[in-house]
Amino acid sequence: MLRIKCPCCGERDYTEFTYGGDASRERPAPDRADRQTWYSYVFVFDNPKGPHQEFWQHVHGCRQWLVLERNTATNEPGASRRARGDASE
Amino acid sequence: MQHASRYSALSLARHAFGAARWPRAWRSSEPKASYDVVIIGGGGHGLATAYYLAANHGIKRVAVLERSYIGSGNVGRNTTIVRSNYLIDGNTQFFEYSLKLWEGLSHALNFNVMLSQRGQIVLAHGPSQLDVLARKGNIMRLNGIDAELLDRGAVMKLLPYLDYSADVRFPIWGGLLQRRAGTARHDAVAWGYARAADDFGVDIIENCEVTGFLMENGQVLGVDTSRGRISAGRTALSVAGHSSQVAAMAGLKLPIESHLLQAFVSEPIKPFVNHVISYGAELFYISQSDKGGLVFGGHIDGFNSYTQRGQFPVAQIVAECAVALIPSISRLRLVRHWAGIQDMTPDGSPFICRTPVRNLYLNGGWCYQGFKATPAAGWCFAHTIAHDEEHPLSRCFALDRFEQGAELDDHGSGNWTYKQ
């Protein structure tokens with residue numbers, strides 16, 4: 001069972017959380033109009049086999065979004081922190 | 001095929017009663033310095049592609065490079081279901097073509113893939129769900145595909161062991177039956193294609209991992225492998241599960257995430273589940289293998305991973321589905337359980353196409369549906385490689401379809417459903 005350390009609630013089963021995808025990317029500015037930029041942001045992922053930064057939301061807990069470091073080759077979870085400021089507001 | 005030792009009743013008798021040992025089904029090949037086509041990935045799709053390159057296009061200087069051994073990947077990890085009950089244009093015709101190839105596959109390969117057209121029933125648990133299945137059935141029939149809409153009574157007759165009690169949470173309202181759907185023996189598919197491709201002179205090179213591409217002026221000229229450098233006229237990716245990893249070595253980023261799908265086998269019991277059944281209230285499907293084990297599976301785990309080990313909560317949900325649908329199996333024990341890594345695409349449909357990198361071709365992004373697609377994927381991918389142009393049946397599986405707004409969203413549920 002993957003166990004995630006929530007910065008607010010402590011270590012919990014991953015089933016309390018909802019996965020939110022790759023957290024290493026920057027959302028384009030809302031006024032960016034070119035298709036390629038948005039296509040890359042919405043659809044294209046590095047999908048690494050190894051260290052990965054990802055969003056999770058503690059939906060059955062504090063409901064905060066967090067950024068978790070996890071190794072996708074082993075599922076070994078690492079540090080986590082609150083996500084505020086990581087995604088654009 | 002022209003194999004020196006063609007399988008037949010006579011050859012079976014000869015090997016059963018004689019001293020002659022069965023020959024290897026395919027040679028153990030050393031990599032040569034160059035090939036017309038190098039296929040990366042010795043799964044069902046890679047081997048099928050090699051076979052159809054030789055059989056349909058006369059391209060026989062072909063190597064299939066497999067990082068591990070033949071049958072070690074997803075071709076041996078699926079739940080062996082074949083069917084062609086799709087909803088939207090593109091998918092419908094492609095998967096029906098695949099099912100037609102399945103129907104002639106044992107003869108074409110001279111290898112019994114044990115296709116068992118036992119019929120697949122998708123269940124509906126309410127009138128609106130049955131309406132959706134009726135629409136799907138009509139679309140199938142308009143495309144010449146067999147489909148029968150079943151009411152509750154008809155389902156009770158075919159599947160008397162499901163839970164029809166009055167207080168059941170998801171009552172069975174009806175279903176859609178495709179009689180030509182069923183299962184095939186997945187290992188035999190890999191071995192059959194490998195043997196038939198080998199017979200044409202294709203080199204199948206196991207334990208050979210690709211470590212990089214030879215690139216010049218933005219085109220691929222070959223691959224570096226753990227067993228040396230191999231130059232190639234054309235290079236084909238058939239590594240679903242790891243498509244992102246291998247494509248990245250050629251500087252290509254793909255709209256793919258790798259996820260785990262689990263499968264389960266129970267202890268063997270006498271013949272009981274005589275069809276393939278898909279539950280309509282959750283993603284759950286079940287059939288019975290020839291050895292007697294119930295084979296079933298459910299949803300992906302829900303976050304990207306390459307571990308090939310599933311998370312326990314999914315096993316629990318799948319077991320709950322099994323018991324909700326067929327209460328009498330509640331005391332069966334699971335004897336095996338595993339996970340496969342699969343390419344998940346935004347719309348749940350695959351890629352069989354050229355790529356922005358010259359001489360590099362992609363077959364991947366198969367999500368849940370790679371096994372049933374094996375023959376048609378090989379057929380269309382071989383065509384794409386041989387002609388440097390997509391096959392008419394797989395034009396819809398282009399890499400740029402998200403940019404163009406031409407998604408193939410068969411579930412009608414939007415992009416990256418598991419992230420919503």
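**Exercise 1. Confidence of the model**

State what pLDDT chain B averages, and give the ipTM and pTM that accompany it.

*Solution.* Chain B of this predicted model averages a pLDDT of 95, and 98% of its residues score at least 70. As a second step, turn to the scores of the model as a whole, which are ipTM 0.92 and pTM 0.95.

**Exercise 2. The make-up of chain A**

Determine how many helices and strands chain A contains, in which pattern they follow one another, and how the chain fills space.

*Solution.* Begin with the count, which gives one helix and six strands in chain A. Reading along the sequence then places these elements in the pattern β-β-β-α-β-β-β. For the overall dimensions, take the principal axes, along which the C-alpha atoms of chain A fill a box of roughly 40 × 30 × 20 Å. Burial comes next: with a residue counted as buried if 20 or more other C-beta atoms lie within 10 Å of its own, 19% of the 89 residues of chain A qualify. Finally, consider the contacts in chain A between residues at least 6 apart in sequence, of which 50% join residues at least 24 apart.

**Exercise 3. The sheet of chain A**

Work out the strand order of the open four-stranded sheet in chain A, and explain why β3 and β6 each have one side without a neighbour in the sheet.

*Solution.* Start at β3(A), which is joined by four bridges to strand β4 (residues 51-57) of chain A, the two running antiparallel; within this pairing, A:Thr18 stands opposite A:Gln57 of β4(A). Next take strand β5 (residues 65-71) and strand β6 (residues 77-82) of chain A, which also pair in the antiparallel sense, over four bridges, with A:Val67 having A:Arg81 in β6(A) as its bridge partner. The connection between β5(A) and β6(A) is a hairpin with five residues between the strands, and A:Asn75 in its turn has a positive phi of about 70°.

Putting the strands together, the open sheet has the order β3-β4-β5-β6 in chain A, with antiparallel pairing. Since β3 (18-22) and β6 of chain A stand at the edges and each has a single partner strand, one side of each is left without a neighbour in the sheet. Neighbouring strands of this sheet are turned against each other by 30° on average, direction ignored.

**Exercise 4. Where chain A touches chain B**

Describe the contact between chains A and B from the side of chain A, naming elements that supply residues to it.

*Solution.* The contact brings together 17 residues of chain A and 21 residues of chain B. On the side of chain A that touches chain B, β3 and α1 (35-43) each supply at least two residues. Sorted by character, the residues of this side of chain A divide into eight nonpolar, seven polar and two charged.

**Exercise 5. The two domains of chain B**

Characterise how domain 1 and domain 2 of chain B meet, and identify the element that gives the most to the side of domain 1 that touches domain 2.

*Solution.* First fix the bounds: the domain assignment of chain B gives domain 1 as 27-84 + 86-111 + 185-255 + 347-419 and domain 2 as 120-182 + 258-343. The C-alpha centres of these two domains of chain B lie 27 Å apart, and 25 residues of domain 1 are in contact with 26 residues of domain 2. On the domain 1 side of this contact, β3 (81-82), α3 (91-109) and α7 (243-248) of chain B each supply at least two residues, and α3(B) gives the most, with four residues. The residues of that side of domain 1 divide into nine nonpolar, 13 polar and three charged.

Terms used:
Residues are numbered from 1 along each chain as its sequence is written. Chains are lettered from A and ligands numbered from 1 in the order in which they are written. This is a predicted model: local features need pLDDT of at least 70, side-chain atom pairs count only at pLDDT 80 or more; totals for chains, interfaces and linings use all residues. Two strands pair if DSSP finds at least two bridges between them. Axes are lines fitted to C-alpha atoms, for helices over the stretch in contact, and angles run from 0 to 180 degrees between N-to-C directions. Two residues are in contact if their C-beta atoms, placed from the backbone, lie within 7 Å. Ala, Val, Leu, Ile, Met, Phe, Trp, Tyr, Cys and Pro count as nonpolar, Asp, Glu, Lys and Arg as charged, and the others, Gly among them, as polar. Domain bounds come from an automatic or database domain assignment. pLDDT is the predictor's confidence in each residue, from 0 to 100. A residue is buried if 20 or more other C-beta atoms lie within 10 Å of its own, exposed if 12 or fewer, and partly exposed in between; C-beta atoms are placed from the backbone.
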